[in-house]
Amino acid sequence: MGKENNSQEKVIQIAGSITVDELANALGLTVTTLIGQLFKEGIVATINQRLDYDTASIIIDELGITGVRLEKKNSATQISHERRELSDKAVLRPPVVAVMGHVDHGKTTLLDTLLNKKTVEDEAGGITQHISAYQLEHDGRKITFLDTPGHEAFAAIRQHGAMLTDIVVIVVAADDGVKPQTVEAIKFAQGANAKIIVAINKIDREGADVPRTMADLAQHGLQPEEWGGDITMVPISAKMNQNLDKLLDMILLIADMEELKADVEIPAEGLVIESHMEIGKGSVVNLLVTGGELKTGEFIVAGSTYAKIRTMVDFKGRPKGKATPSTPVTVTGFKELPDFGDRFVEVKDEKTARKMALLNAASLADASASANVTSTDLLRMMNTADNSKVFNVLIKGDVLGSVTSVVDSLKMIDTKGEITLNIVATGVGDVTENDVYMATGENTVIYGFNVTVPTNIAKMAARDNVPIRCFRVIYELLDDAKHSMEELLDAEIVEEEMGEMKVEGVFRTEKTSIIAGGEMLRGKVAAKMLAKVVRGKEELGEVEVESVQKERIDVNELVAGEVGGLALKTDHKINLAISDRLKFFTREQKRRTL
Ligand code: GDP
């Protein structure tokens, strides 16, 4: 093998997911090594199991492999989430600003005051209409504000690789200082490569201490301009409408410095920032246009769904015939609800739209169905080494009696002391937003018995990876719970002896591969089998059979009495010698049942 150039990274491209076999090959490892490592992390994997990008990265880290870089590859049908290169015809566009910060530090108040309206006014007829983006004018120029449901949502967008926000306004209460969500917001903004402006809020309060808040921020890496740093910090009172013009001035100043532009002479494109169903209207979807000009009557594709835009209105509900870059609009006409963070693109006709949506649906289904080990599973197992045997459930039932009987029946499942059932919460009624919140992040399953799940809740749960499973028959619910618990049980490793070869010739030995030949003493050998290399009584290591040849022709197997050659794969150099024995076997990891 040639000399390795350390500065040259090997790039492995992953489109959605990669099989254990493919990853092992790409890394030059044996499948056994990889499966072994996965197993150490608590994941029972087979050779054909698919791993998602993050899992593959974690495994590579854990194995301490350097010089390899994983790269996400978009499949041909997927819409790119990267921001496009601009042409020289690009025109200036309004900045897209997100307001973030710790709870109660005044984000809502700031947005409300800026828009000079109160949230109550939005709750016409008791229907809370969440508006996810606004545009306001300052000095005759537009600024787009995003009001996001939470940082997770932003994280979702970031995951898609899109840089949605140009500027993040971090709101910090001057009487409270930097708090955990402030730190999170700083990290988000830095991760998203957005410019940061700090609004030091509540300066009207008695306990407000602007210099101390600045010092606090400086400690967290944000150096105020006043102190020679590069972060603009504006003391404001969102409630008293103090200094908000200055904040807007600063936003525009930064926008000017950044020269934010977009192409308009291209098919319209942008992101889905919210979607829900409304009676009488069907799907109602909020979009942020990032390029081109969106018009009613046009066809757009987002993920696995598409729309002929029936109606388009601005954030105040006024009809809009055309939306230019950085404009948030609400449209109707989608066949099905697209997902938050989905990128949309305009296409020429319905036929193309339908075809692209179908292709996207197929590739999405492929990616999710086939990535049967996700990083969430992996992290969960890694983080909860001893704790992984806890099965968390949240139970909702139609009446108290059914909740009680579900709980009692679940407790009666015999887990042989290996799994602990943890009932996070129980309640009567449909599954709610709060249930999903409670179940988020804790690997909790929500069981519904004789209840329903409103569409928006189902979407939210899907976004946050919270499984909701509803049943009308109790033993089906119990079966499901039992299966879920079985999945938490450690697997059993089963090895089966397959055959033995006496080595009679070694033709090539490299760091990770051996070509050798010999006579089959018993049983058989076939590709993908594993073999123990045995010299006398000593075991030298394990190899994997890559291919089998007889008289230089590839064959499926060699059986007792036959002579042939083998290509073997190893993960460390083994100096195979004549008279060594190869003891072939298969290794499977079997799930256990309760
Ligand atoms: P959010 O959780 O960050 O959206 O915070 P809110 O906007 O809901 O504000 C939390 C509380 O702080 C509310 O009671 C507001 O009235 C109050 N508040 C927000 N901004 C100011 C301010 O500038 N001055 C004072 N005194 N109170 C404020």
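The largest nonpolar core of this predicted model has 26 residues, of which Leu110, Phe145, Val169, Ile197, Leu247 and Ile251 touch the most other members. A nonpolar core here is a set of buried Ala, Val, Leu, Ile, Met, Phe, Trp, Tyr and Cys residues joined through side-chain atoms within 4.5 Å, and buried means under 20% relative accessible area, exposed over 50%, and partly exposed in between, with a 1.4 Å probe and protein chains only. At least two residues of this core are supplied by each of β6 (96-101), α4 (107-115), β7 (133-138), β8 (141-146), β9 (167-173), β10 (195-201) and α9 (244-258), and the largest share, 7 residues, comes from α9. Helices (H or I, at least four residues) and strands (E, at least two) are DSSP runs, numbered from the N terminus.

Phe145 shows how this core is joined: leaving aside neighbours within four places in sequence, Phe145 is in contact (heavy atoms within 4.5 Å) with Val97, Val99, Leu111, Leu114, Ser132, Ala133, Tyr134, Leu136, Leu248 and Ile251. Apart from this core lies another, of 21 residues, among them Ile18, Leu29, Ile35 and Ala56.

Helix α9 has 15 residues and reaches 21 Å from its first C-alpha to its last, close to the 21 Å expected at 1.5 Å a residue, where the expected span is 1.5 Å times one less than the number of residues. Its buried residues are Leu244, Leu247, Leu248, Met250, Ile251, Leu252, Ile254 and Ala255. An α-helix has 3.6 residues a turn, so residues three or four places apart point the same way. Just after α9, Glu259 takes a positive phi of about 50 degrees. In the loop between β11 and α9 lies Asn243, which has a positive phi of about 70 degrees although it is not a glycine and which is partly exposed at a relative accessible area of 34%.

Strand β11 (residues 232-235) holds Thr232, a buried residue with a relative accessible area of 7%. Not counting residues up to four places away in sequence, Thr232 touches Ile196, Ile197, Val198, Glu225, Met250 and Ile254, and its side chain makes a polar contact with the side chain of Glu225 at 3.2 Å. A polar contact is a pair of N or O atoms within 3.5 Å; within protein, one must be able to donate a hydrogen and the other to accept it, and residues adjacent in sequence count only if both atoms are side-chain atoms.

The ligand is surrounded by 15 residues, the closest being Asp104, Lys107, Thr108, Thr109 and Asp204; a residue is near a molecule if one of its heavy atoms lies within 4 Å of it. Polar pairs with the ligand include the following.

| Ligand atom | Protein partner | Distance |
|---|---|---|
| oxygen | polar backbone atom of Gly106 | 2.9 Å |
| nitrogen | N or O atom in the side chain of Asp204 | 2.7 Å |
| nitrogen | N or O atom in the side chain of Arg205 | 3.4 Å |

Towards the N terminus, helix α2 (residues 31-40) has Val31, Thr32, Leu34, Ile35, Gln37 and Leu38 buried. The cover over the buried residues of α2 includes α1 (20-27), β3 (50-52), α3 (53-62), β27 (530-535), β28 (538-550) and β32 (581-590).

In strand β25 (residues 492-509) lies Glu496, which counts as partly exposed at 49% relative accessibility. Its C-alpha atom is separated by 5.4 Å from that of Phe585, although the two residues are 89 apart along the chain, and Glu496 is in contact with Phe584, Phe585 and Thr586 when neighbours within four places in sequence are left aside. The loop between β26 (513-526) and β27 holds Lys528, a residue other than glycine whose phi is positive, near 80 degrees, and which is partly exposed at 47% relative accessibility.

Over the whole protein chain, the secondary structure comes to 15 helices and 32 strands, and buried residues make up 46% of the 594 residues. Among contacts between residues at least 6 apart in sequence, 71% join residues at least 24 apart.

The mean pLDDT, the predictor's confidence in each residue from 0 to 100, is 82 for the protein chain, and 85% of its residues reach 70 or more. Over residues 1-7 the pLDDT is below 50, and this stretch has 1 contact in the model beyond near neighbours in sequence. Residues 75-82 also stay under 50, but for these the model has 24 contacts beyond four places in sequence.

Residues are numbered from 1 along each chain as its sequence is written, and side-chain values use heavy atoms, with hydrogens and water left out. In this predicted model, local features need pLDDT of at least 70 and side-chain atom pairs count only at pLDDT 80 or more, whereas totals for chains, interfaces and linings use all residues.
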